[in-house]
Structures are given as structure tokens and as C-alpha cells.
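Reader: I'd like a close look at the largest pocket in this one, please. What lines it, and which residues lie nearest its centre?

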Amino acid sequence: VFDCHTAHIPCKWTNIERKLDRVTGDILEENPTFIKAGDAAIVEMVPCKPMCVETFDEYPKLGRFSIRDNKQVVAVGIIKQVTKKAKEGKMTKAAGRR
């Protein structure tokens, strides 16, 4: 479960992009097959439902997250990049008046 501010949404890890050195932030490995406890990494996650988040650089309070498994925290981090979806659906009358 991906916890970001008040949202608790299941997510899928689609890709582990890089494994990083925890102290210096240098890239240790590109496209690693796994990460272990204590490793720092840049990963790509896709939420199962739409959610509102921002990058840590733009809005730090909405850019932090934690990941839980069976009510136990397994990872924490910051959001580096957000891929936004195009808006879908039709506009309501109230929204059209603004």
C-alpha cells in the first residue's frame, strides 16, 4: 500500500531503474533485478487508482511517501517525477460557469 499524505492506495512496481549509494547518491547499478533491505533505489510505480501527488521539489509535503506491507513499513522516500494523465470525461455545468 502506497501512503502519501492522507491517501492509502495500492500500487504496482513496474520498474527498478537504478540502485544508488545511500551516502553519495552515486549510481551503483542500472536496471537491477532486485533491491534488498537498506538499499537506496529509483523505482517506477503505478497506482491502481488515481491519486493526487506532487514532486518533492515543487511541494515537499505532498512529495513524501511510505510503502506498507501487512501494516509494516517496508520503504520510505520522496517523489522525483510525476507522469500526469490527460483529463477525461465531460465538464459539469458548475465548472463551466467559472
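Author: Here's the pocket first, then the chain as a whole, then a single residue. Bear in mind that this is a predicted model, where local features need pLDDT of at least 70 and side-chain atom pairs count only at 80 or more, while totals for chains, interfaces and linings use all residues. Numbering starts from 1 along each chain as its sequence is written, and side-chain values use heavy atoms, with hydrogens and water left out.

The largest pocket has a volume of about 1700 Å³ (an open set of points on a 1 Å grid where a 1.4 Å probe fits, with protein on both sides within 12 Å along at least five of seven lines; the volume is the space filled by probe spheres on those points). Its lining comes to 43 residues (each with an atom within 4 Å of a point). Nearest the centre of the pocket you'll find Phe-2, Val-43, Met-45, Ile-79 and Gln-81.

As for which strands take part (DSSP E runs of at least two residues; helices are H or I runs of at least four), strand 3 (11–20), strand 5 (40–47), strand 6 (64–69) and strand 7 (72–78) each put at least two residues into the lining of the largest pocket. Strand 5 gives the most, with eight residues. Chemically, the lining of this pocket has 27 nonpolar residues, alongside twelve charged and four polar ones.

Now zoom out. The protein chain has seven strands and one helix, and if you read from the N terminus, the order is β-β-β-β-β-β-β-α, so the helix comes after the strands. Along the principal axes, the C-alpha atoms of the protein chain fill a box of roughly 55 × 30 × 25 Å. The radius of gyration of the protein chain is 16 Å, whereas a compact globule of 98 residues would be near 13 Å (C-alpha atoms; the rule is 2.2 Å times the number of residues to the power 0.38). Just 17% of the 98 residues in the protein chain are buried (under 20% relative accessible area, with over 50% counting as exposed and partly exposed in between, 1.4 Å probe). Of the contacts (heavy atoms within 4.5 Å) between residues at least 6 apart in sequence, 47% join residues at least 24 apart.

Finally, a look at Val-76, which lies in strand 7. Val-76 is exposed, at 65% relative accessible area. Leaving aside residues up to four places away in sequence, Val-76 touches Phe-65 and Ser-66. Asp-39 is 37 residues from Val-76 along the chain, and their C-alpha atoms are separated by 11 Å.

Technical notes
Nonpolar A, V, L, I, M, F, W, Y, C, P; charged D, E, K, R; others polar.
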